[in-house]
Amino acid sequence: MTSKPSLSELTLDVNGEAVHGRVEGRTSLADFLREDLDLTGTHLGCEHGVCGACTVELDGQPVRACITLARACEGRAVRTIEGGDDDPLMAALQDAFMQFHGLQCGFCTPGMLMACRDIILRHDSLSDDQIRIALGGNLCRCTGYVGIVNAVRSVFERRAELLAAGEPLAKPPTQPDWAGQPLTRFRRTGGQMQAVEATPMEEGAGDDQTLRETITVQKPADEVWAFLSDVERVVPCVPGARLLSVNGNELEVEMEISLGAIRARFKGNGRYQFDDQARTGRMEGEGRDARSGSSAAGGLDFAVIADPAGDRCRIEFVASYSVTGPLSQFSRGGLVKSFVGAMAKMFADNVQRVLSGGQVSDKGNRLSVLQLTLNVIKSWFSKLFNK
Amino acid sequence: MKPVKFDYLPARDGAEAVRLLTEHGDEAKCIAGGQSLGPMLNLRLARPAVLVDLHRAEDLTGVEESRDAIVYGGAVRHADFEDGRVADAARGMLPFVASRIAYRAVRNRGTLGGSLSHADPAADWVCVMTGLGATYLLRGKKGVREVAAEDFIQAAFMTALGANEILAGVRVPRLSESARWGYYKFCKKVGEFSQATGVVVVDPERGYSRVLVGALDSPPVPLEPVAEALAEDGPDGALAVLDAAVDTALGDYPEVNRQLYKVAVRRALAQIGATR
């Protein structure tokens, strides 16, 4: 990982002029325009692609400047709101926004104008509904959109006079109409998929969640207990966990989780206690992810219950988990539950695998609880668009 | 709201991308359009040390047409489908679906491969490509391997992609002339995530029929009895067995959600001629 900023040369065309700069890899197009070029007409609202205030044109197409990296625009043409002065369509839109009260505070207006210009360019017919749908990605908190829609409609009515002939036109894709046409009957030979039963993620309450998992193992209870009470063998069965040291009943453990693009490595201390008589045990620990500054704590209770038949037994696990700090958004709702659920299942799978002479699945190294991220998206990105 | 520092490495082609990913290992992450990863970077939910940019990789932006199928490069953008800059293998389905993904400014950047690799169960391409029976071409160190769409997403946000693999292309079988498709999604607001998605693809000439519910907590789920009935008895026959099939497939979902999924599929079936 680089510790000092490494700057790279950047050349692009902004509003018709060649522009050079030196930027970091992480610099967004919006920050480059605003901070390096002083083109502050491009507004930054949400900075994660939701509000549309930062909309600019890249090679003639509107894009979100806050989630477009400056270096991804190398050699390309950018037009910002400042570059609209000579454009009759943009001038007409600005006049119409004034006339129809299409703005109040003006924060959304630059992005709104860039989007509206594109809408008028691309359509040869436009209903009010279509205008509203096309503006769905630009948020205005002042106007209630009525003035904006009226402004767009008024300019659209003058489209032919404002646009040079031969401007590109796109027909919105539509679906063929099959109504009333009988569909050929046939014997199905393709498209079969294995039927699965989908289960929903439950929304849990509170931050600290518990989850139960029971497995049946075809081994005598004594043998299974001997394994479960051996921390050096059992800790690696916890997905993503690594035992760093053991001192008495104190453990030093590292645990890595991976949720799509999100990674965290929790390092911390744990302890265990076993009751050989009752064949019950508990492992618990807490750790910190240095990169995000988040903390996590978790516990695992387990009990081995002998089957009357003697040659097999049942293991019952109860897992709990909580997260605090920047990553704690994961611990809302069904997140922890699904996380712990996935983890308990994988732990149980690993235990079963090792007991029957196999190896711990290497999937455990990259904890496959990406399912979690679904709820991250649901809670965190609920206002985000669907791509 | 600024990403952590990372090295930005644009890849000239797929092979270079794989080489860069291999070189930088666990700390590297691919970006194409950046419309899903971009917000995660800004919110610092994702903190890669290296970002390998695929969006200008030559072999990922092209389209290869053959008699039976079209292979779309992983970095083909949603707007390329919407505007007809790439050929459509599915008799209007791909442009129709593309034009309803998020917002225009997002469609101008977001890519087919990026959306599929991100593997959100509610994403349009995830549902549509599974419906069409597409095949994904995964490029790694040892070359290209093929994975069926329905096997690619293993769980939400979890795919068959290996650590150093990229989704290089998507092969979509061409629908024949008699084929029909239906696609319906419920969104609370235009451009937002679907709450429930219904996908119907039926192609008599190829003997193909597939009906899916999508936008679940997991990958799209097939409604096999509905697909069977669609082939044998037509759209109305499919409708007749729909409710029971959804109840079986989504038995653990609350009734209100099941109803939403039923209606999504019902409306998709209505698009191909169901009358009831």
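Two residues are said to be in contact if their C-beta atoms, placed from the backbone, lie within 7 Å. By this rule, in the predicted model shown above, 87 residues of chain B are in contact with 71 residues of chain A. Helix H9 (residues 224-249) gives the most to the side of chain B that touches chain A, contributing eight residues. That side of chain B is made up of 41 nonpolar, 22 polar and 24 charged residues.

A look inside chain B comes next. Its domain assignment gives domain 1 (7-53), domain 2 (58-173) and domain 3 (180-271). The centres of domain 2 and domain 3 of chain B, taken over C-alpha atoms, are 21 Å apart. Where these domains meet, domain 2 of chain B brings 19 residues to the contact and domain 3 of chain B brings 18. On the domain 2 side, helix H4 (93-98), helix H7 (124-132) and strand S8 (153-155) of chain B each supply at least two residues, and H7(B) has the largest share, with six. This side of domain 2 of chain B has 15 nonpolar residues, three polar and one charged.

Chain B also holds an open sheet of four strands, in the order S11-S12-S13-S14, with antiparallel pairing. Strand S11 (180-187) and strand S14 (221-222) of chain B each have a single partner strand, so one side of each lacks a neighbour in the sheet. Two bridges join strand S13 (residues 208-214) of chain B to S14(B), and B:Leu212 has B:Pro222 in S14(B) as its bridge partner. H9(B) packs on this sheet, touching strand S12 (194-203), S13 and S14 of chain B, and its direction makes about 25 degrees with that of S13(B). Helix H10 (residues 255-271) of chain B packs on the sheet too, touching S11, S12 and S13 of chain B, at about 35 degrees to the direction of S12(B).

Definitions and conventions
Residues are numbered from 1 along each chain as its sequence is written. Chains are lettered from A and ligands numbered from 1 in the order in which they are written. This is a predicted model: local features need pLDDT of at least 70, side-chain atom pairs count only at pLDDT 80 or more; totals for chains, interfaces and linings use all residues. Domain bounds come from an automatic or database domain assignment. Ala, Val, Leu, Ile, Met, Phe, Trp, Tyr, Cys and Pro count as nonpolar, Asp, Glu, Lys and Arg as charged, and the others, Gly among them, as polar. Two strands pair if DSSP finds at least two bridges between them. Axes are lines fitted to C-alpha atoms, for helices over the stretch in contact, and angles run from 0 to 180 degrees between N-to-C directions.
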